[in-house]
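Open the model in your viewer and keep the selection box handy. We will go from stop to stop, with something to pick at each one.

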Amino acid sequence: MSRSQPTEAESSSGTTGAEGSATDERESFTGKRHPRVEDHRILTGEAEYVHDITPPECLHMALVRSMHAHADIVEIDASAAEDHPDCELVLTAADLKERYEPMPTGIERVETDDGVGEIVEWSLADGVARFVGEPVAAVVASDRYAAEDVADLVDVTYDPTDAVVDGMTAREDEVVVHESVGTNVVDHERIEFGDPELAFEEADRVVTGEYSWGRISGVPLETAGVVATYDPDTDSFDIDCNIQLHTLVDDTIYDTLGYDPDDVRVNVPADVGGSYGTKIAIHRYCCLAAMASRELDGTPVKFEEDRIENLQGGDVHSSDREYEIGLAVDEDGTIRGLDVWFVDDFGAFPRYPVNQVLKPLSVLSNAYEIEHASYEYDLVLTNKTAQTAYRGFGVDPHIYALEMIVEKAARELGIEPTEFRRRNLIGPEQMPYALPSGNVYDSGDYPATFDRLEEMIEAERDGGLLDPEVVEERREAGTYRGVRPTLVIEPGVSGSDWTDRQRSDRDALAERDRGEVEELPEHLRVRVEEDGSLTAFLATDSSGQGHQTLVSQLLADELEVLPSDIEVDYLDSVDAPTEYGSAASRMAVMLSGATVGVAETLIENLERLAADRWDVSTDDVAYRDGGIELIDGAESLDLDELAAIDAERDPEDRLAQASYDYDHPATAHAEFDDAFAKKLPVYPTAAFGANAPIVEVDVETGEVEILRFLTVRDCGTMLNPQIVDGQAHGGIAQGIGAALLEEFGYDADGQPQAITLFDYLLPSIDTIPEIEMEHTVTPSPYTETGAKGVGEGGMIDAPAAVAASINAALEPLDVDEPADRIPVAPDHLLGKLREAE
């Protein structure tokens, strides 16, 4: 259950009713709780997912996967498999190397004391298996059941070797994952901002702490799926799949196939059953299915990942970090400096999201005013499944570790942690606020939001969950309640130029000119149909965020029509330009900017079309109520009439259509220039959430229950409050799962311990509490509509909030940092409680 309080945006604009007529007095659709247009087809079973696509004569693929974490592949005997009557094809790395290319990796070349080594990853393991679940062979058969039977007949002989599983141990290089580079530390950087050394020398006190963030993932309801068809006549591929960012990461497919981009058409259905970043890395499946189709002369080949494959070896795990963090503080509670060092265990290969070790720089000091900081990391490889992106993209563990050291510093100073936080919050008068790391917070009143959250907490102390008598009764029964407010920034609308910093000459970046920066815009098209309706075409894919709803709302307002008059469709990777796409809390901002721009362009085109028809100047016509009229009111043309007139024109000169590229909003503001030039993360919107989960800890079992989750959130102008609330609720649910339940554990031999949903524990209606949510609205000065990114906030801020409240609950027992690792599992808490005894 949840309760969402009326917001400033909602209370000032009224409630959403039925669609009215298109008149001057029309209420705006934008800012209303307009029902999602996607939901009807999903709830009625009309949505088509990639798993629903099975062309005639389609064959099915299954994979033979390594059972060893680290082993030499001595021999692959496929003879029995090939003799099976339903077997159509068996592929191994040897077959791929004859006709195809390795898969791109995030870091391909590693400089060591012995020279430069290369990391090469083929779609099937080549000579060495480096994690349990790594595909070793692919088989194709008449159906998936037969394919599984055929896969069982592939006989692989392994010579197991020692595995390295712990990220900290991996730094010692006693067992090396890739002999070609000779080290497991494949990337390292230390960046200093201001003068952290002096800040730590002059501070009254230095507080240090160590914190762990366990390996987790998004685990979307729909697993990876692909249907690939090769066309021998055109020597090209059509690939239907549910990959995320299909116009950005399609190079991982066409480069691996060895084809030009225009010869590999990647299409993503309108409906995808979640991704949260994880499906960015499913290119392996896309490539193998496409290769198989080509080897079979164009017969379609389908692959559907099952849940065990997804959890064990689906390339979907994310951040796995060990932090050592220091805070320089004065006795009056002023934070003078911050020192961050961490190891991130990326698994067996440094995939695309290696830059998620850098994204935390966009919120380096969170909501606190800290001028001096150092940030250092070791990116290491182990014999685990490779990392990919996950909601928050590495910011969530950074925020958690930072908030934990803030808690510890407050205790050592003898200052109540909430007061300590308040003393260091950035004030509204400092906005826009430039971080020492170069990013800029656009707007927000953090102290006022903190005040409102504390009012909500105080309400619970008067006869509510935190009533002193109730709290004392529960303690006598062995359960300890507590709450502590935290406030966390969600960076939004990532730039794209900085994302290849680790593949750049970092020493040369200090001299780089701002003019060398190239950002990817958001592309949008719109066309007037014969009946006067409109069709918009998105160049980005969706994973359930409601893009079609947002565009129809915004376009309806700009063109003075109804949302029901607008159909929203998607472009494939060939028809669409390369763009960043749906990630990094971008789309509300980028799509709203693109929608305003494409609407203005279409209106200009239609005014030209009507002016040509009437043989008048464009100054004599005006767009109004979904049509063009003469200024004197003598004549008018509706959209269907304009479409008919346009159909008479040369196809190359059509005007009842428009396209627009909305530039990244930070490119227009000089305050981001330094970060742009140095390839430091640029995120021009700073949404934020202040949270206070009320928790109860059972000291006999170590179990934690969240009784209620209080939250006050701000994402600037809310384009659709219903979607905003949905994104926040989903993110908070995932954050609770990360804080208390989820972890991909491995034993000492590299065997995964969570390969079913009995082992990998997801949050459910039994573990998600009532969420009491309020909103404040501080529009962004940098974006077209004042909106801020909102897609990742709950996952970024909830784990730190839950951990802080657990610390608060156990304060009476003097437990030393009970929440010093995520997840805060019952056995961990029991160990901490025993130490306190």
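Does Lys408 count as buried or exposed? Select Lys408 and show its surroundings: at 18% relative accessibility, Lys408 counts as buried, where buried means under 20% relative accessible area, exposed over 50% and partly exposed in between, with a 1.4 Å probe and protein chains only. Lys408 sits in helix H11, and touches Val207, Thr208, Gly209, Tyr211 and Glu817, leaving out residues up to four places away in sequence. Contact here means heavy atoms within 4.5 Å. Helices (H or I, at least four residues) and strands (E, at least two) are DSSP runs, numbered from the N terminus.

Before moving on, a word about the model. It is predicted, so to speak of local features pLDDT of at least 70 is needed, and side-chain atom pairs count only at pLDDT 80 or more, while totals for chains, interfaces and linings use all residues. Residues are numbered from 1 along each chain as its sequence is written, and side-chain values use heavy atoms, with hydrogens and water left out.

**Stop 1: the largest core**

Now select Tyr441, Tyr446 and Ile806. Of the 133 residues in the largest nonpolar core, these three touch the most other members. Such a core is a set of buried Ala, Val, Leu, Ile, Met, Phe, Trp, Tyr and Cys residues joined through side-chain atoms within 4.5 Å. Helix H11 (residues 395-413) supplies the largest share of this core, 11 residues. A second, separate core has 49 residues, including Leu538, Leu562, Leu609 and Trp614. In soluble globular proteins, nonpolar side chains tend to be buried together.

Stay with Tyr441 and display its contacts. Beyond residues up to four places away in sequence, Tyr441 touches, among others, Asn366, Met431, Pro432, Leu435, Ile489 and Ala686. Several of these names are on the route ahead.

**Stop 2: the loops around Tyr441**

Pick Asn366, in the loop between strand S17 (335-345) and strand S18 (372-380). Its phi is near 55°, a positive value in a residue other than glycine, and Asn366 is buried, with a relative accessible area of 0%.

Next, select Met431 and Pro432, and look at the peptide bond from one to the other: it is cis, with omega near -10°. Pro432 belongs to the loop between helix H12 (417-424) and strand S19 (433-434).

Then go to Leu435, in the loop between S19 and strand S20 (440-441). Leu435 is buried, with a relative accessible area of 5%. Its contacts include Leu361, Ser362, Val363 and Tyr441, not counting residues up to four places away in sequence. Try the distance tool from Leu435 to Ala367: the two are 68 residues apart in sequence and 9.9 Å apart in space, C-alpha to C-alpha.

**Stop 3: an enclosed strand**

How many of the residues of strand S22 (residues 486-492) are buried? Seven of the seven are, so S22 is largely enclosed by the rest of the structure. Color the two faces separately: Thr486, Val488, Glu490 and Gly492 are on one side and Leu487, Ile489 and Pro491 on the other, all buried. Add strand S30 (residues 685-698), which runs antiparallel to S22 and is joined to it by seven bridges. Two strands pair if DSSP finds at least two bridges between them. Within this pair, Pro491 stands opposite Ala686 in S30.

**Stop 4: two packed helices**

Select helix H19 (residues 721-740) and helix H20 (residues 793-809). They pack at an angle of about 45°, with their axes 7 Å apart; the axes are lines fitted to C-alpha atoms, for helices over the stretch in contact, and angles run from 0 to 180 degrees between N-to-C directions. H19 and H20 are therefore oblique to each other. The contact includes Gly731, Gly735 and Ala739 of H19 and Gly794, Ala798 and Ile806 of H20. Angles under 35 degrees count as roughly parallel, over 145 as roughly antiparallel, 65 to 115 as roughly perpendicular and the rest as oblique.

**Last stops**

Select Ile822 and Pro823, which are joined by a cis peptide bond with omega about 5°. Pro823 lies in the loop between strand S33 (821-822) and helix H21 (826-836).

Finish at Ser585, whose phi is near 50°, a positive value in a residue other than glycine. Ser585 is buried, with a relative accessible area of 7%.
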